[in-house]
Amino acid sequence: MSKQFLLDGQPVPFEDGQSILEAARKAGHYIPSLCWHKDFPAHGSCKLCIVKAAGRHVSACATPAKEGWEVESNTPEMNGERRGLLQMLFVEGNHFCPSCEKSGNCELQALGYEYEMLTSRFRHFYPDRPVDASHPDVLLDFNRCIFCELCVRASRDVDGKSVFALTGRGINKHLVVNAESGRLADTDFSKDDLAAHICPVGVILHKGPGFAVPIGERTYDTASIRSQKLKEEES
Amino acid sequence: MHTQPPTPCSALDGILQHHGHRPTELLQILINAQQLEGWLPAPTLTYLAQALRLPRARVEGVAGFYSFLYTRPAGRFRVLFSDNITDRMLGNAELMDALCRKLWIEPGKLSEDGLVSIDATSCTGLCDQGPAMLVNGRAIGQLNHRRINEIAELIRQQRPLAQWPSEYFHIDDNIRRRDALLNLDMKPGAALASAIARGRAGWLAEMQASNLRGRGGAGFATAVKWSSARNAPGEPKVIVCNADEGEPGTFKDRVLLNTYADLVFEGMTLAAWAVGASEGFLYLRGEYSHLLPQLEAVLARRRAEGLLGMRILHEQGFDFDIRIHLGAGAYVCGEESALIESLEGKRGTPRIRPPFPVTCGYLGRPTVVNNVETLAKTCLIALQGGEAFAATGTAQSAGTKLLSISGDCAAPGIYEYPFGVSIARVLEDCGASDTQAVQVGGASGICLAGYEFQRRIAYEDVPTAGAFMIFDGTRDLFEVARSFVHFFAHESCGFCTPCRVGTALLKGFMDKLADGHGAQADLADIDWLDRLLKNASHCGLGSAAPNPVIDTLQKFRPAYERRLVSLDFEPAFDLDAALAEARQLTARDDPGAHLQTHEEGTP
Ligand SMILES: Cc1cc2nc3c(=O)[nH]c(=O)nc-3n(C[C@H](O)[C@H](O)[C@H](O)COP(=O)(O)O)c2cc1C
Ligand code: SF4
Ligand code: SF4
Ligand code: FES
Ligand code: FES
C-alpha cells in the first residue's frame, strides 16, 4: 500500500522523496508555483507554493511529503498569503502587462488572475533596469525579472553555457550575463538554448514578429493557469 | 575599450597561486585582489574567472553579493561608520556628518579625486566601545570629535594606515564578570589529552551527559549534532567554527577569539575527535580581520606543539587542521547553510533544508557548524566531565552564557553568568538605571519591557545568542525598531520573495511613520507584513526581521501612535518630497516652495 497525506482533507498518495507539490499535481490537485520546474531540482525562492503542513508553513516544492501529514493549501489564509507574494513581485519590478509581449502567456500575470489580485496594494519600487537589445535574436527586459533562476539553471545545467547569473543582494539583486561588457550579444547565447525558452515571465523575449498570437487567444487567456498546469501534468 | 588600467596580472597570479587556483577560494581571492586597488575593476573579474575556469557571470555574482567588495571605484581610504543602534545612541550620525564636511564629500559617494569614500555599515561588534568605524577594513573604536578631526587630517595627508597612531586600533576586551569559562586557565592540549584518553565514543558520551546546547542562537544539542555527523556517510568530515558574529549588539565571540583563541581551536579539535573529521574552518567575519594575524600565529603554534596536523598528540589516525576563511560583510553568512555556500566560494544564499549540514554540508560532506562560544565550552566538559557541566545553570540550560552588554549602562562589556540569571540582576550589575527596555538576542531577538525584568536568561525563558542592549527612559523605541528594520533590509540576501521585498516594504513603512506621514492603515499593513515575513521566509533572517516591530508595537505602541496623522489613510507617495530636486535646482527652500500634504498640528 502506498503512503499518503491529506491535502485540504483529500488523500494524496506519494512515493518516498516526492515533494508535496509533485505528489499533489500528480494526483490532480493544483498547488501554484513560479520557480519550480519539473525538469529541475526545487529552487524554493518564489514561495508561491507555500502550504501549511502539520501546522507549519513550508514550501511545497521543496518539502518531501510525509505519511499522515495534514496539508492546507487551497484555504483563504494560504491564498491570501499567495496574493500578497504576487503583489510583492509586481511592485518590485516594472510590469506593464498591456504592453508586454508575454501577456497572456505569463505565469505571473496568470497567477495574479488566479488569486484575484485586484490591486498592487503596496507602493511601487520603479527600479531602474535598462533593457538589453544587443543580441540579434533575443531581447532582455530585466524590468520583469522575478529571480526564479530558471534561465540561470537551464543555461548552466542543460545548455552548458552559464550565460546568466544573479548579482547584488537583497532588493538590489539583479540578473547579469556572462560578458565583461554586460551585453548579451557578447556571450555565446543562442535562441535555440533551453534558457531562451524557459522564462515564466516577459524577460527573455524573441525578436521578430511580435504579438503573432493576438492577446485574448493566448495560453492563459483561454484557460486558467490552474487547469493548464494540471493538463500539462496529465500529458 | 577598457577605461580602467588593468590590474597587474602578476599580482593576481600570485594571489591565485597562494589559493591553489581553487574555485572554493573565490571569495578569499576576491578579498585579496581588492587590496591591490581598493576595488575590483571589471577586467580583474574577467581575469580571475578565466584563471579559475569559472563563468565570469558567477564571479560577478559573488563580487556583487558582499558589502565589502566593490565593483565600482571606491576611495583609497574607505571609511565605514558602524551603524548599530548603540552607535547611533553614541552620536555616530553627527560624527559621520562632521567627517563628510571636513573632507567635502557626501555619504555613499566617492570624492572626485578618488581619495576617500564614506558610508555606513552594519554593526561592527564594538558596541561596548563605540561609536566605531572601519577604515580599509581596520576597526577603530571610541570615536569622538577630536579623533574625527585627526582622522580627517590623516586622510587629507594621505598617510598610510600603518602610520596612523596605533592606539586608534586598540580594542578592549572589557571583561566585567567571569565565571567557569573566562576563569579557565588551561594549558593548550590539556582538554584534548583528556578526551583522547576517553576514546572517541567515551568523549561523545561525556558530551551527551553535559547537555551542552549551541550558543549561536538556535540552542540545538551539541552532542546530537556531533553524533549525526559522525554517523553520516561521506568523507572527509568537516568542522566549522561560526565566527560570523553579525547579530547587532553581539561581540562576545570577538573577545573569545582575541584572548581565548586556544580554547576555541581546541574545541574545534575536540569536535573533530568526536566526529572523525579531518578538515576545519574558522569562518571569521570581515569586520574582525584585525584578529587574523594573531589567530594564524596561534594556529602555527598549535601545529608546532602537535595539537593540529597529522597524528595529533601522537594519536594514530587523528589528523585535523584548521584554515581561516574571511567573510566580507554579509550577516546572512552566519546562517549555517549560507555560511557553507560562502565557504565554497559562492553567494551566501541559505540552502533548502533538509538535507541539513550534518549529512550534506561543505562540498556535500557531513559538516558540523558550531558557534565560537559553544566550541570553547567543550574544553570545560573535557576537563571537568559532562556531569559537572550539567550541574550548573538551569534544568534545560546547562552551564554559563556570555552576554555582550551595551547601551545605557555604566559598564558595558562582557559578562559571564550561569544560565538562569534574571534581567534585573544583569541590569543592576552593569550599572543601568531608569531602564525602559532591553533588547536581548540582538535585532532578531526579543524586546523586553520593564514588567518583564524578572524573566531569566535561559533557553526555556529568554533565549539569546548573547546580545543585551539597554535603552533608558530617554530612548525612542520606535527608532530602535526602525534601525533594526533597516538592518534586515540591508542584509536580506534577496533569495526569497517575502524577505527580499517584505523587508524593503517594511523599511518603507517605518520611514513613512518616521517622516510623520503614517496613518492607521499603515499599522494594519505592517501587521500583515510581519506575519507574512514570519511565515513564508526561507531562512531565519526573514522570519526574525519583523521581531523588533512586533515587540515594540505590542509593548510600546504609543511610540508609533504619536507619529500617525489623524487620517485613516495617507498615500505613500510624498508630493512634497518629489519637489526636492526642483527646490535644489532653484535654490529655494521657503514655505512657498513646499506643499502641505496633511494638516499639521491636528490633535
Ligand atoms: C540570519 C542568521 C544569522 C546567524 N548568525 C550567526 C552567527 O553570526 N554566529 C553563530 O554562531 N550562529 C549564527 N546563526 C545560527 C547558525 O545558523 C547556527 O545555528 C549556529 O552557528 C549553530 O551553532 P551552535 O549549535 O553552536 O549554536 C545565524 C542564523 C541565522 C538564521
Ligand atoms: S529572466 Fe526569467 S527565467 Fe531568468 S530569473 Fe528572471 S524571471 Fe527567471
Ligand atoms: S529569508 Fe531573506 S535572507 Fe533568508 S533566504 Fe529569504 S531573502 Fe534570503
Ligand atoms: S514554487 Fe516553491 S518556492 Fe517557488
Ligand atoms: S505580463 Fe508582462 S511580465 Fe507578465
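Helices here are DSSP runs of H or I with at least four residues, numbered from the N terminus. With that in mind, Leu532(B) can be placed in helix 19 of chain B. The model is a predicted one, and this helix makes a convenient starting point for a tour of it.

Leu532(B) has a relative accessible area of 2% and is therefore buried. Not counting residues up to four places away in sequence, Leu532(B) touches residues of both chains: Glu81(A), Leu85(A) and Met88(A) from one, Pro498(B) and Ser537(B) from the other. Its distance to Ala51(B) gives a sense of scale, as the two C-alpha atoms lie 44 Å apart in space and the residues 481 apart in sequence. Helix 19 of chain B, which spans residues 520-536, also holds Asp522(B). The relative accessibility of Asp522(B) is 4%, and since buried means under 20%, Asp522(B) counts as buried. With residues up to four places away again left out, its contacts are Phe509(B), Lys512(B), Leu513(B) and His517(B).

From here the description turns to chain A. Its 5 strands form an open sheet with mixed pairing, in the order 2-1-5-3-4. The edges are taken by strand 2 (10-14) and strand 4 (56-59), each of which has a single partner strand, so one side of each is left without a neighbour in the sheet. On average, neighbouring strands of this sheet are turned by 35° against each other, direction ignored. Within the sheet of chain A, strand 3 (residues 50-53) and strand 5 (residues 70-72) are joined by 2 bridges in the antiparallel sense. Here Ala53(A) is found opposite Val71(A) of strand 5. Lying across strand 3, strand 4 and strand 5 of chain A is helix 2 (residues 76-92), which runs at about 150° to strand 3.

Two ligand sites come next. Around ligand 2, the surrounding residues come from chain A and comprise Cys145(A), Ile146(A), Phe147(A), Cys148(A), Glu149(A), Cys151(A), Leu175(A), Cys199(A), Pro200(A), Val201(A) and Val203(A). By class, this shell contains 10 nonpolar residues, no polar ones and 1 charged residue. Ligand 3 has 14 residues around it, of which Cys493(B), Phe495(B), Cys496(B), Cys499(B) and Cys539(B) come nearest. Helix 18 (497-514) and helix 20 (540-544) of chain B are the elements that give two or more residues to this shell. The shell around ligand 3 divides into 8 nonpolar, 5 polar and 1 charged residues.

The interior can be followed through its nonpolar cores. The largest nonpolar core has 199 residues, and those touching the most other members are Phe164(A), Leu30(B), Tyr66(B), Trp203(B) and Trp226(B). Helix 11 (residues 261-275) of chain B gives the most to this core, namely 11 residues. Leaving aside neighbours within four places in sequence, Tyr66(B) has contacts that include Arg169(A), Leu27(B), Tyr283(B), Cys333(B), Ser342(B) and Arg347(B). A second core, separate from this one, has 26 residues, including Leu95(B), Ile118(B), Val135(B) and Ala152(B).

Two elements of chain B show what being enclosed looks like. In helix 13 (residues 336-343), 7 of the 8 residues are buried, so this helix is largely enclosed by the rest of the structure. Its buried residues are Ser337(B), Ala338(B), Leu339(B), Ile340(B), Glu341(B), Ser342(B) and Leu343(B). The elements of chain B that cover them include helix 2 (26-37), strand 6 (237-243), strand 7 (277-284), strand 8 (321-326) and strand 9 (367-371). Just after helix 13 of chain B comes Gly345(B), which takes a positive phi of about 85°.

Strand 1 (residues 77-82) of chain B is the other example: 6 of its 6 residues are buried, so it too is largely enclosed by the rest of the structure. Cover is found on both faces, with Phe77(B), Val79(B) and Phe81(B) buried on one side and Arg78(B), Leu80(B) and Ser82(B) buried on the other. In chain B, strand 1 runs parallel to strand 2 (residues 116-121), to which 6 bridges join it. Leu80(B) faces Asp119(B) of strand 2 in this pairing. Strand 3 (residues 133-135) of chain B pairs with strand 1 in the antiparallel sense over 3 bridges. In that pair, Val79(B) stands opposite Val135(B), and Val135(B) is also one of the residues in the second core.

Definitions and conventions
Residues are numbered from 1 along each chain as its sequence is written. Chains are lettered from A and ligands numbered from 1 in the order in which they are written. This is a predicted model: local features need pLDDT of at least 70, side-chain atom pairs count only at pLDDT 80 or more; totals for chains, interfaces and linings use all residues. Side-chain values use heavy atoms; hydrogens and water are left out. A residue is near a molecule or strand if one of its heavy atoms lies within 4 Å of it. Ala, Val, Leu, Ile, Met, Phe, Trp, Tyr, Cys and Pro count as nonpolar, Asp, Glu, Lys and Arg as charged, and the others, Gly among them, as polar. Two strands pair if DSSP finds at least two bridges between them. Axes are lines fitted to C-alpha atoms, for helices over the stretch in contact, and angles run from 0 to 180 degrees between N-to-C directions. Contact means heavy atoms within 4.5 Å. A nonpolar core is a set of buried Ala, Val, Leu, Ile, Met, Phe, Trp, Tyr and Cys residues joined through side-chain atoms within 4.5 Å. Buried means under 20% relative accessible area, exposed over 50%, partly exposed in between (1.4 Å probe, protein chains only).
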